Amino acid sequence: MLLLLGVTFVTLSDHGGHGGVFAKARSYAREVLNPVQSGIHSALQPVGDFLYGALEYRSLEHENQLLRQQLAADQADAAQAQAAQLEAQQVLAEEHLGYLGNIRSVAAQVVDVTGSNFEETVTIDRGAANGIVVGQPVVSADGLVGSVTSASSHLAVVTLLDDPSFTVGVRVVNSGVVGAAVGEGLGNTEQVIDIDAGQKVKAGDDLVTSGLSIEHFPAGLPVGRVTKVLTPTGALQLEVSMQPFVDLNNLQYVRVLLWSAQGGG
């Protein structure tokens, strides 16, 4: 009502000039309305501040979200670049495997892993189309990995050194003593058998493939290092444990040797 009355007075005063009763009425209306206007402004100010703050908060939240996304993308790019660098270093290391001599080989990438107490194999992305056949040795930069046990046109399965079915003839580098390394399954220590008691074998000795005529591997491939030697009372053979040079749980790139016991390399 006060607002309506004030508007009426202001309108009439505009038509009636700036003197007389209407001017006094207008002045009175303004005096009455000023506290009302101030009250309305004071009451609405927190609402305006809230709305402005809400808009600002949403804007800041959006900017933070964009920054978080950018940070995550940068971290992913950095991780990918680091992984690519590690892969490249591993590939380069395997390009110059001095122990291979003149043996021809095919580089391959591991694309699948099968690990259990009964089977230790990996699948690689090279096969018969690349000259790979069953029985060929497989190595990495650190030494013997296993051998090919099946091959299709573009894939091959490699049985690893620690598979319970895997056996390879080995020779102690320092003494020339010959034995056979056998797989014991995932997570188990490799054993070296067929070494007579009294032979010169000690912890820390390096083992390489023996290369005997009955073997399916060329001579001199690094295999592992002796970790423990026991001589049980009255036993005819030593109990020898070995740690493979190759980390069989972290294979990414390998080389298949185009070699056979019949034809050589």
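A residue counts as buried when its relative accessible area is under 20%. By that cut-off Thr121, at 6% relative accessibility, is buried. The model is predicted. The protein chain has 265 residues, and 31% of them count as buried. Its secondary structure comes to two helices and twelve strands.

**Overall layout**

- Both helices come at the N-terminal end of the element order, and the twelve strands follow, giving α-α-β-β-β-β-β-β-β-β-β-β-β-β.
- Contacts in the protein chain reach far along the sequence: among those between residues at least 6 apart, 55% join residues at least 24 apart.

**The barrel**

- Six strands form a closed barrel in the order 6-7-8-11-10-9, and their pairing is antiparallel.
- From one strand to the next, the twist averages 40°.
- Within this barrel order, strand 7 covers residues 178–182 and strand 8 covers residues 190–193.
- Three bridges pair strands 7 and 8 in the antiparallel sense.
- Ala181 faces Val192 of strand 8 across this pairing.

**The loop after strand 8**

- Asp194 sits in the loop between strand 8 and strand 9.
- Most residues other than glycine have a negative phi.
- Asp194 is not a glycine, yet its phi is positive, at about 65°.
- Asp194 is partly exposed, because its relative accessible area of 45% falls between the 20% and 50% cut-offs.
- Ile195 belongs to the loop between strand 8 and strand 9 (206–209) as well.
- Ile195 has a relative accessible area of 2%, so it is buried.
- Leaving out residues up to four places away in sequence, Ile195 touches Val177, Val178, Gly179, Val201, Gln237, Leu238 and Val240.
- One of these contacts, Val178, is 17 residues from Ile195 in sequence. The C-alpha atoms of Ile195 and Val178 are 6.8 Å apart in space.

**Strand 3 and its two partners**

- Strand 3 spans residues 137–140, and Pro137, Val138, Val139 and Ser140 are all buried.
- Pro137 and Val139 point one way from strand 3, while Val138 and Ser140 point the other way.
- Strand 4 (residues 143–151) runs antiparallel to strand 3, and four bridges join them.
- The connection from strand 3 to strand 4 is a hairpin through two residues.
- Val139 has Leu144 in strand 4 as its bridge partner.
- Strand 12 (residues 253–257) is also antiparallel to strand 3, with two bridges between them.
- Val138 has Val256 in strand 12 as its bridge partner.

**Thr121 in strand 2**

- Thr121 lies in strand 2, which covers residues 120–124.
- Beyond residues up to four places away in sequence, Thr121 touches Val113, Thr114, Val157, Val158, Thr159 and Leu160.
- Thr121 is buried because its relative accessibility is 6%, under the 20% cut-off.

**The largest pocket**

- The largest pocket has a volume of about 190 Å³.
- Its lining includes the run Leu186, Gly187, Asn188, Thr189 and Glu190.
- Gln243, Pro244, Val246, Asp247, Leu248 and Asn249 also line the pocket, as does Asp162.
- By class, the lining has four nonpolar, five polar and three charged residues.
- Glu190, one of the lining residues, falls within strand 8 (residues 190–193).

Notes: Residues numbered from 1 in each chain as written. Predicted model: local features only at pLDDT ≥ 70, side-chain atom pairs only at ≥ 80, totals over all residues. Heavy atoms only, no water. 1 Å grid on protein atoms, 1.4 Å probe; cavity = no way out; pocket = protein on both sides within 12 Å on 5 of 7 lines; lining within 4 Å. Points joined across faces, edges and corners; volume = space filled by probe spheres on them. Nonpolar A, V, L, I, M, F, W, Y, C, P; charged D, E, K, R; others polar. Pairing = 2+ DSSP bridges. Axes fitted to C-alpha atoms, helices over the stretch in contact; angles between N-to-C directions. Buried < 20%, exposed > 50% of the residue type's maximum accessible area, 1.4 Å probe, protein only. Contact = heavy atoms within 4.5 Å.
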